[in-house]
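Here are a few short exercises to work through with the structure open beside you. Try each task before reading its solution.

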Amino acid sequence: MTSELAVKGGELLFCGCTSWDSVGRRKGLPEANLVSPTRLRPLLGVDICFVAAGCASCHCVALDTEGRCYTWGRNEKGQLGHGDKITRDRPTVVSELSKFKIVKAAAGRSHTVVVTDDGQSFAFGWNKHGQLGIGHAKNETELSPVRCAVSEVHTTACGADFTVWLTSVEGASILTAGLPQYGQLGHATDNEYNTKDSSVRLAYEAQPRPRPIASFSGETIVKVACGTNHTVAVDKNGYVYTWGFGGYGRLGHREQKDEFAPRRVEVFTRQNVLPPYAVVSAGSVNSACTAGGGQLYMWGKIKSTGDDSMYPKPLLDLSGWNLRCMDSGNMHHFVGADSSCISWGHAQSGELGYGPNGQKSSAVPKKVDILDGMHVISVACGFAHSMVIIDRTNVEDRLEQLDVYDGKAPEEVGAEPVSESPVSQKAPKRAAAKAAAKSNKRKKSKDASDSEDEEEISDDDESDDYEEQSNGRAKSSGRGRGKAAGKAAAAKKGAGRGRGRPPSANQSSQPEGKVSTGKRGRPRKTQE
């Protein structure tokens, strides 16, 4: 999103799951979901100009036009920056940042990074892998903002456990820090080592000091987006580069292997380089950008069923729309285009905003009807929630009619979700059903890659199970680097399948990556 758009403020609307501590974890607890775009009581009338969440994050960041930073959501690692680990259901100003004007922000699985108007960057939350970029990882968590070891920063992006900064420093326009396991830092290595001489257990050396990507020393990177474990970047000439985890074809190179250094995406060359106003987005298992003529291209795992798209393909449903902003969550997407807000994807918690009588998920882009005719300033998608900033001009009366969510006080957050709200839904049975489904999947290690959209979010880095599901392939698959015997057997079982390719993909009769077009579900422009 461009900085010109970010200057104007508007009303923040939220939809999705508000059970911050249980979302994605299948603990059998009921979920409190806001299934329609809803105003938040603490932000009523506040001019919000920028929102941030990450495809793996269960917390939110919002910035107002005065430069104040609000955070709320899960806080088990101090990712809200309030000096404690108390989950907050209500947007709360990060007081230690009040002497700075915050202009950009990004959210990882359990950490947050912000940028000030004078080019400084601060971070807070989990730092086990050095993802805060403060030069060391002495403390696993930083509960309050700490200064990042970067300067002249103009924007930032976060993957699950790593961070990217774009700066104005010549020869160092892009720097990265954090977990290098899949090559997502772009430094041509995953920093892998054996924990002990006699052990086959592998670990990945944290990189706590932000380091410029050497292969970009002569380039200027102007846009960046991060998925769970992969990165998408655009240089000033409009060329697109991807690197990191390659499962499902999310890097767009017609293969699924990991890339430890930036690799140019062939589709976006010659006559199809990205224009300066292009939009770039990365979900947990897919990537997207707008190219010539504003056409949206997507690649990776785009639908929960059917084949993956191994290289960028145009999403024809959105041809002709003027896309100004886009973000991707775990398996859902939000777009601000013309005078409409459009969403689609696999969703369980109302994060698409279709309302209590609308469908939960949509395989094709579909307008959020209640917001039709409104101008979207910015969007952000988290693991199971979405945020939209609406320009209040000429629509204040309509905004007044939307529901308002009060939120629970910090001491009430752990209690049962309230059911009085007309836009609240509970889903106690679904969580239990998914838990049973998960136990069946564990019996077939290869099938752990079959349903990435039902992954369990886990902040415990010792759990290999989360990594396997979040990336869509068994951790050891195709690596052959002396993993434990059980993992090696799992890799052998999946040999020849293509890393990260769901077993069901080859059985699908649907052509690879085919985008469903036609009248059904296709968003129509409002006639003016």
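Two strands count as paired if DSSP finds at least two bridges between them. Keep in mind that the model is a predicted one.

**Exercise 1. Find in which sense β13 and β16 pair, and over how many bridges.**

Step 1. Strand β13 covers residues 174–178, and β16 covers 207–212.

Step 2. The two strands pair in the antiparallel sense, over three bridges. The cut-off is at least two bridges.

Step 3. For a residue to look at, take Leu-175, which stands opposite Pro-212 in β16.

**Exercise 2. Place β13 and β16 in their sheet, and explain why some strands have one side without a neighbour.**

Step 1. The order is β11-β12-β13-β16, an open sheet of four strands with antiparallel pairing.

Step 2. β11 (153–158) and β16 stand at the edges with a single partner strand each, so one side of each has no neighbour in the sheet.

Step 3. From one strand to the next, the twist averages 20 degrees.

**Exercise 3. Classify the ring pair of Phe-100 and Phe-122 as stacked, tilted or edge-to-face.**

Step 1. The structure as a whole holds seven aromatic pairs; ring centres must lie within 6.5 Å to count.

Step 2. For Phe-100 and Phe-122 the centres are 4.6 Å apart and the planes stand at 45 degrees, so this pair is tilted.

Step 3. Phe-100 belongs to the loop between β6 (88–93) and β7 (102–107), while Phe-122 is in strand β9 (residues 121–126), 22 residues apart.

Step 4. Phe-122 has a relative accessible area of 8%, so this residue is buried; the cut-off is under 20%.

**Exercise 4. Do the same for Phe-216 and Tyr-241, and say what the pair ties together.**

Step 1. With centres 4.9 Å apart and planes at 80 degrees, the rings of Phe-216 and Tyr-241 form an edge-to-face pair, because planes over 60 degrees apart count as edge-to-face.

Step 2. Phe-216 lies in the loop between β16 and β17 (221–226) and Tyr-241 in strand β19 (residues 240–244), so the pair ties together parts that are 25 residues apart in sequence.

Step 3. Phe-216 is buried at a relative accessible area of 3%, and Tyr-241 is buried at 8%.

Step 4. Now add Trp-243: ring pairs link Phe-216, Tyr-241 and Trp-243 into a cluster.

**Exercise 5. Which rings do Lys-77 and Arg-254 lie over?**

Step 1. Lys-77 has its charged end over the ring of Trp-126, 4.8 Å from the ring's centre.

Step 2. Arg-254 lies over the face of Tyr-311, 4.0 Å from the ring centre.

Terms used. Residues are numbered from 1 along each chain as its sequence is written. This is a predicted model: local features need pLDDT of at least 70, side-chain atom pairs count only at pLDDT 80 or more; totals for chains, interfaces and linings use all residues. Side-chain values use heavy atoms; hydrogens and water are left out. Axes are lines fitted to C-alpha atoms, for helices over the stretch in contact, and angles run from 0 to 180 degrees between N-to-C directions. Rings of Phe, Tyr and Trp (its six-membered ring) pair if their centres lie within 6.5 Å; planes under 30 degrees apart count as stacked, over 60 as edge-to-face and the rest as tilted. Buried means under 20% relative accessible area, exposed over 50%, partly exposed in between (1.4 Å probe, protein chains only). A charge sits over a ring if NZ of Lys or CZ of Arg is within 6 Å of the ring centre and within 35 degrees of the ring normal.
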